[in-house]
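Please open the structure in your viewer and keep the selection panel at hand, since this tour goes from one selection to the next.

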Amino acid sequence: MRKVALDMVYELAKKDPRVLFIGSDLGAGTLAKFKSEMPERFFMEGVSEANMIGMAAGLALEGKIPYLNTIATFMTRRCFDQIAIDLCLHNVNVRLLSSGGGVVYAPLGPTHLAVEDIAILRALPNMTIVAPADADEMRRLMLETLDYRGPIYVRIAKGNDPIVTHPEPPFRIGKAYVMKEGTDALLVTTGITLKRAMDAAAELEKGGVSTGIVHVPTIKPLDVATLLEAMARPRAVVTIEEHTILGGLGSAVAEVIAEAGFSPSKKFRRIGIPDAFPDKYGSQDSLMERYSITSREVVSTVTRLLRG
Amino acid sequence: MEPSSAPSDPSSPAARALRTRLDARSKDLRRKILTMVEAGRRGHIPSALSPMEILRVLYDEVLRLDPRNPLWKDRDRCILSKGHGCLALYVLLAEKGFFPAEELLKYCKSDGILGGHPERGKVPGVEASTGSLGHGLSIGVGMAINARLEKADYRTFVILGDGEQNEGSVWEAAMVASKHRLNRLTVISDYNKRMTYDSTYVVQDLEPLAAKWSSFGFEVREVDGHDLEALRAAFRALPFHPEKPSQIICHTVKGKGIPVLEADPAWHHKPKISDADLLMLRDGLEAS
């Protein structure tokens, strides 16, 4: 997924002279083709994220479209004030391509896990937050980033994730997608948890539970209309995210439900990382397993909610 | 540690800044600041008086600007990174015609555009929204890089406070400015040596400040930041080096021109300014 995102920066730069790339001490050879063909628009800066954000804001105020890439947690937590003031208050066209959103860097420990990135950025006016489910969706998203107004945070997953999205309907930033209709339960996902929801829905259908799925690649601005329509009928709604349950997709959907005036019998649960720093290493999958962000957990949660 | 140009040396820029007398225009600009303070009844007044002559020379004589077209692409970019010094900037922008002078009387009011920190988009002529310290230089670096990409000949000026230079992001930006050899970028330090709580020597010493900037790849000059001729000469000499960004360390006096502000650190930021306060400030300005 990261490769596709960076390849797309190259493609966009080839066709639009406003596009720049700024990395923060990335791996040797990153975007070598970009560097050799458009050296004046390729910047490999040091380990100074706060400056990278401010510098990008200065360039964007002059009409450029800088695409930045570094590790998600350093892109967000480390320079939150620069994102808030330099990017969001000025409302500039800077694209934050954040590697390792979620628990991708599980073996590297809590310093490298971005499990609250969506929550903290969601509080910022003018910020757009997108978490694609697979590399194909990333490609479609990147095409949309060129002429979109304001800062965009793109959460990049591990890579080699199974392709689960479709070219139709066309990808639009700000749109949620009904991946599957269902009348008993609704699963709401963002990023790579879509695949887990699809597996869970298949399992639930086998047991006679009609299960719908809404994929929400854009968490902000949230496609409230699509969510309200999809949530109207099912008795149970479950959100699944590779993120703390505080402030991310689950919270955003909970806010919609709370204000919608649905019947009190409608059940809702958030599946995600609990309010604690992950205390194990291992792999992305093993940490997801530890925190029950699995299709098995989705099935049992839905079953429990519908029974209760 | 004493500053490199210690006030104990009477010929140092720091010592001269204490003695430099203000001319009629500098006094008049300060009168206008007090008019704004009377309207808003608050403000970072001393922090606006230390860079007053720096901004005056920049806006009167140095910057290439068109007030009728504030975003003219060939304009020089000037960022007041120490945004709390904005009273001085507002007075000059109004004089130049970026917005009507009546706006000054709505300082910090709900129907005005001039807040306690300057905002781009709200205030014509303001290049960046500042107030959170340590942001302006990075933005200026981006603007200076853009000039190089566009082969444009505009220059970029960034005014930093001294307390602001406690922020690590300032030094991140300094390294990057020097790496990219941004010779059309000029950083101006408003070195008034007084922070909110106490002096820079007590709270967080910056010395040796000139050596710091020099070691970060800047070509450095030091001047008395209230001496108009010294400022003009420094600006005329830009760039100080053909392949380096420039740094003008301006030795200034916090509250310059109003004795009570020069003497009392409690005035750093004052809300609820009374009629009696205003009288004292005005009397002090006229008597000095």
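**Starting from a pair of strands**

Select residues 185–189 of chain A, which form strand β8(A), and then add β11(A): the two strands run parallel and are joined by five bridges. Bear in mind while looking that this is a predicted model. Within this pairing, Leu186(A) stands opposite Val237(A) of β11(A).

Next, select the whole of β11(A), residues 236–244, and show what surrounds it: nine of its nine residues are buried, so the strand is largely enclosed by the rest of the structure.

Now add residues 267–273 of chain A, which make up strand β12(A) and pair with β11(A) over six bridges, again in the parallel sense. To find one of these contacts between the strands, pick Thr239(A), whose bridge partner in β12(A) is Arg270(A). Adding helix α10(A), residues 249–260, completes a right-handed β-α-β unit with β11(A) and β12(A).

Zoom out to chain A as a whole, which holds 12 helices and 12 strands. Its radius of gyration is 19 Å, close to the 19 Å given by the globule rule for 308 residues, so chain A is as compact as a globular protein of that length. Along its principal axes, the C-alpha trace spans about 60 × 40 × 30 Å, and 54% of the 308 residues of chain A count as buried.

Finally, move to chain B and select helix α4(B), residues 52–62, which is mostly covered, with nine of its 11 residues buried. Among these buried residues are Met52(B), Ile54(B), Arg56(B) and Tyr59(B).

How values were computed. Residues are numbered from 1 along each chain as its sequence is written. Chains are lettered from A and ligands numbered from 1 in the order in which they are written. This is a predicted model: local features need pLDDT of at least 70, side-chain atom pairs count only at pLDDT 80 or more; totals for chains, interfaces and linings use all residues. A residue is buried if 20 or more other C-beta atoms lie within 10 Å of its own, exposed if 12 or fewer, and partly exposed in between; C-beta atoms are placed from the backbone. Helices (H or I, at least four residues) and strands (E, at least two) are DSSP runs, numbered from the N terminus. The radius of gyration is taken over C-alpha atoms; the globule rule is 2.2 Å times the number of residues to the power 0.38. Two strands pair if DSSP finds at least two bridges between them. A crossover is right-handed if, with the strands pointing away from the viewer, the path from the first strand over the helix to the second runs clockwise.
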